[in-house]
Structure formats: structure tokens, C-alpha cells
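This report describes a single molecular structure for a reader who has not met it before. Please look through the sequence and the model first, then read on.

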Amino acid sequence: MKAIFKDPLKESKIIDVENSVAGIQKVIGGYFEAITIEEDACILCDEEGKIKRLKPNCIFNGELIAGPVLVVGVKGEDFTDVPERIIERWNEKEKGPFRR
């Protein structure tokens, strides 16, 4: 599945992630939670990132997210490729091209 990957203190990039709990956990580094950012997209992050004292990554709706994050698409209860419009908006926010 195509996703935006953002590691703390590093540039975001587009990656392919195995669309399974194990595949996502491998990238995130453990148990993860989904934070809805739009009806068809969410942020996946370490559910204990702050407790583990992982490096700060970003702030969403006033909440600090620590550790690596993935931005993926959502269809029903399934994760899917991140929508192109989300990639475009994320890219504009970072003011630089993604590494592919």
C-alpha cells in the first residue's frame, strides 16, 4: 500500500508498506493507533509514542505525535493507498518534493 512515511527530524517520503498489522507495526515500531484526518485518510502512529519518549514528529489538532508516522487511505474499515490529494497537500505543507 502506498503511504506517506514521516520519521521525526527527517523529510517525508512515499513508501510501499505491506497492508497488514505486522507490516504496519514493522514501520511504526510497535502497536499503532489510527487518527482520522479526513473521511478517507488517517495517520497511523505508535500508540505509546509519548510514553516511550519517542522524538516529537508533528502536531495534529493540537496534539503532539511522537515517533514515526504513516499517512494512509481508508475505505470502510480497511487501510488503502493514500489519496493523491492528501499527498499533494502534505507536499505543499513541507514545501518540497517527496523522495520516491
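Helices and strands here are DSSP runs, numbered from the N terminus: a helix is H or I over at least four residues, and a strand is E over at least two. With that, asparagine 61 can be placed in the loop between β5 and β6 (63–66).

The model is predicted, so to speak of a local feature requires pLDDT of at least 70, side-chain atom pairs count only at pLDDT 80 or more, and totals for chains, interfaces and linings use all residues. Residues are numbered from 1 along each chain as its sequence is written, and side-chain values use heavy atoms, with hydrogens and water left out.

## Residues in loops

Accessibility is given in three classes: buried is under 20% relative accessible area, exposed is over 50%, and partly exposed is in between (1.4 Å probe, protein chains only). The table lists five loop residues by place and accessibility.

| Residue | Loop | Relative accessible area |
|---|---|---|
| Leucine 9 | between β1 and β2 (13–16) | 73%, exposed |
| Isoleucine 51 | between β4 and β5 | 67%, exposed |
| Asparagine 61 | between β5 and β6 (63–66) | 70%, exposed |
| Glycine 76 | between β7 and β8 | 70%, exposed |
| Aspartate 81 | between β8 and α2 | 44%, partly exposed |

Two of these residues have a positive phi without being glycine. For leucine 9 the angle is near 65 degrees, and for asparagine 61 it is about 50 degrees.

Some loop residues can also be placed by C-alpha distances. Isoleucine 51 is 15 residues from alanine 66 in sequence and 9.2 Å from it in space, C-alpha to C-alpha. Aspartate 40 appears in two such pairs. Its C-alpha atom is 8.4 Å from that of glycine 76, with the two positions 36 residues apart along the chain counted as their separation. Aspartate 81 and aspartate 40 are 41 residues apart in sequence, and their C-alpha atoms are 10.0 Å apart.

Contact means heavy atoms within 4.5 Å. Not counting residues up to four places away in sequence, aspartate 81 touches Met1, Lys2 and Gly73. A polar contact is a pair of N or O atoms within 3.5 Å; within protein, one must be able to donate a hydrogen and the other to accept it, and residues adjacent in sequence count only if both atoms are side-chain atoms. The side chain of aspartate 81 reaches the backbone nitrogen of lysine 2 in this way, at 2.6 Å.

## Two buried charged residues

Which strand holds aspartate 46? Aspartate 46 is in β4, which covers residues 41–46. Its relative accessible area is 5%, so aspartate 46 is buried. Its side chain comes to 2.7 Å from the backbone nitrogen of glutamate 48. Apart from neighbours within four places in sequence, aspartate 46 contacts Ile28, Gly29, Tyr31, Phe32, Glu33, Lys52, Leu54 and Pro68.

Lysine 6 lies in strand β1 (residues 2–6) and is also buried, at 11% relative accessibility. The side chain of lysine 6 reaches the backbone oxygen of lysine 10 at 2.7 Å.

## Helix α1

Helix α1 spans residues 21–28, and its buried residues are Gly23, Ile24 and Ile28. They lie on the same side of α1, because they cover an arc of only 125 degrees around the axis; the arc is that of the directions from the helix axis to the C-beta atoms. The face turned away from this buried side carries the exposed residues Ala22 and Lys26. Among the elements that cover the buried residues of α1 are β3, β4, β7 (69–75) and β8 (78–80). Just after α1, glycine 29 has a positive phi of about 100 degrees.

## The largest pocket

A pocket is found on a 1 Å grid over the protein atoms alone, as an open set of points where a 1.4 Å probe fits, with protein on both sides within 12 Å along at least five of seven lines; lining residues have an atom within 4 Å of a point. The largest pocket holds about 360 Å³ of space. Of its 13 lining residues, Ile37, Ile43, Phe60, Trp90 and Lys93 are the closest to the centre. At least two lining residues come from each of β3 (32–38), β5 (56–60) and α2 (84–94), and α2 gives the most, with five.

Note on methods. Points joined across faces, edges and corners; volume = space filled by probe spheres on them.
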